[in-house]
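User: I'm new to this structure and would like a close look at a single part of it. Could you pick the part and walk me through it in plain words?

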Amino acid sequence: MWEAVQLPRETDAPEETERLIQQFAEEKMREYDGAVFFCISRADKERRLTFRQAAASLGCSAHDGRATATAWRAQTLAERAGRNVLFVDPAMQSYLEEYLDICPAGSRHVLIYCHRKGNGPSPRMSAFMDFWEEHSVDIWDLGEQ
């Protein structure tokens, strides 16, 4: 499933937008029982903070996926106690494929995707989104919000 996200109301205040997106991320993190993946530009520090705050409000920590992939084998991460919340990018696809293949059957994973700061549609990003769909990970697309 790939769904475009519409915030409940329009606002011109960036801090209000971030608050609404944080609430949305918290809601989705409660809804899904598997891993949570955030696909945003490394340059989008404000949105990274918003997602870190959403994770923290639910007792989780959002980690840089590249650093995690370097520190942990996919199997070790999949078997670890607790919820995995990762910032991901296309360079991690083979690691993520191994991770998802090891995760317990029936787990519902979610990807929240943001186009801002150069992270928008491209052939590379299209292939990455196809990867998530092929692995039955639900995608919630924030677009340019």
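Analyst: **The sheet and its surroundings**

Let's start with a cysteine: Cys-103 counts as buried, at 10% relative accessibility. Keep in mind throughout that this is a predicted model. The closest cysteine sulfur to that of Cys-103 belongs to Cys-60, and at 15 Å it is too far away for a bond. Cys-39 is buried as well, with a relative accessible area of 1%. Its sulfur has Cys-114 as the closest cysteine partner, but the 9.0 Å between the two sulfurs is too far for a bond. A disulfide would need the sulfurs within 2.5 Å, and by that rule the count of disulfides comes to zero.

Now to the part I'd like to show you, the sheet. Six strands make it up, it is open, and the pairing is parallel. Reading across, the order is E1-E6-E5-E2-E4-E3. At the edges you'll find strand E1 (2–4) and strand E3 (62–64), each of which pairs on one side only. On average, neighbouring strands are turned by 20° against each other, if you ignore direction. As for what holds such a thing together, strands of a sheet pair through backbone hydrogen bonds, either parallel or antiparallel.

Let's walk across it, starting at the E1 edge. E1 runs parallel to E6, and three bridges join them. Here Ala-4 stands opposite Asp-141 in E6. Moving on, E6 and E5 pair in the parallel sense over four bridges, and Val-110 stands opposite Asp-138 in E6. Over at the other edge, E3 is joined to strand E4 (residues 85–87) by three bridges, and the two run parallel. If you want a spot to look at there, Ala-62 stands opposite Val-85 in E4.

E6 is worth a pause. Asp-138 and Trp-140 point one way from this strand, while Ile-139 and Asp-141 point the other way. All of these residues are buried, the aspartates included. Trp-140 has company too: the charged end of Lys-28 sits over its ring, 3.9 Å from the centre.

Lys-28 falls within the range of helix H1 (residues 14–31). That helix lies across strand E2 (36–39), E4, strand E5 (110–113) and strand E6 (138–141). Compared with E5, H1 runs at about 165°. There is another charge-over-ring case to look up: Arg-108 lies over the face of Tyr-32, at 4.4 Å from the ring centre.

Next, the aromatic rings. There are eight aromatic pairs in the structure. One of them is Phe-37 with Trp-132, a tilted pair with 4.8 Å from centre to centre and 45° between the planes. The two come from distant parts of the chain: Phe-37 sits in strand E2 and Trp-132 in helix H6 (residues 123–134), 95 residues apart. Phe-37 counts as buried at 0% relative accessibility, and Trp-132 is buried with a relative accessible area of 0%.

Phe-38 has a ring partner as well, namely Phe-87: their ring centres are 5.4 Å apart and the planes are at 40°, so this pair is tilted. Phe-38 lies in E2 and Phe-87 in E4, so the pair ties together parts that are 49 residues apart in sequence. Both are buried, with Phe-38 at 0% relative accessibility and Phe-87 at 3%.

If you come back to Phe-37, you'll see that ring pairs link Phe-37, Tyr-99, Phe-128, Phe-131 and Trp-132 into a cluster.

Finally, look at two loops that connect to these elements. Most residues other than glycine have a negative phi. Lys-117, in the loop between E5 and H6, has a positive phi of about 55° although it is not a glycine. In the loop between H6 and E6 you'll find Ser-136, whose phi is near 60°, again a positive value in a residue other than glycine. Unlike the rings above, these residues count as exposed: Lys-117 at 53% relative accessibility and Ser-136 at 60%.

Notes. Residues are numbered from 1 along each chain as its sequence is written. This is a predicted model: local features need pLDDT of at least 70, side-chain atom pairs count only at pLDDT 80 or more; totals for chains, interfaces and linings use all residues. Side-chain values use heavy atoms; hydrogens and water are left out. Two strands pair if DSSP finds at least two bridges between them. Axes are lines fitted to C-alpha atoms, for helices over the stretch in contact, and angles run from 0 to 180 degrees between N-to-C directions. Contact means heavy atoms within 4.5 Å. Buried means under 20% relative accessible area, exposed over 50%, partly exposed in between (1.4 Å probe, protein chains only). Rings of Phe, Tyr and Trp (its six-membered ring) pair if their centres lie within 6.5 Å; planes under 30 degrees apart count as stacked, over 60 as edge-to-face and the rest as tilted. A charge sits over a ring if NZ of Lys or CZ of Arg is within 6 Å of the ring centre and within 35 degrees of the ring normal.
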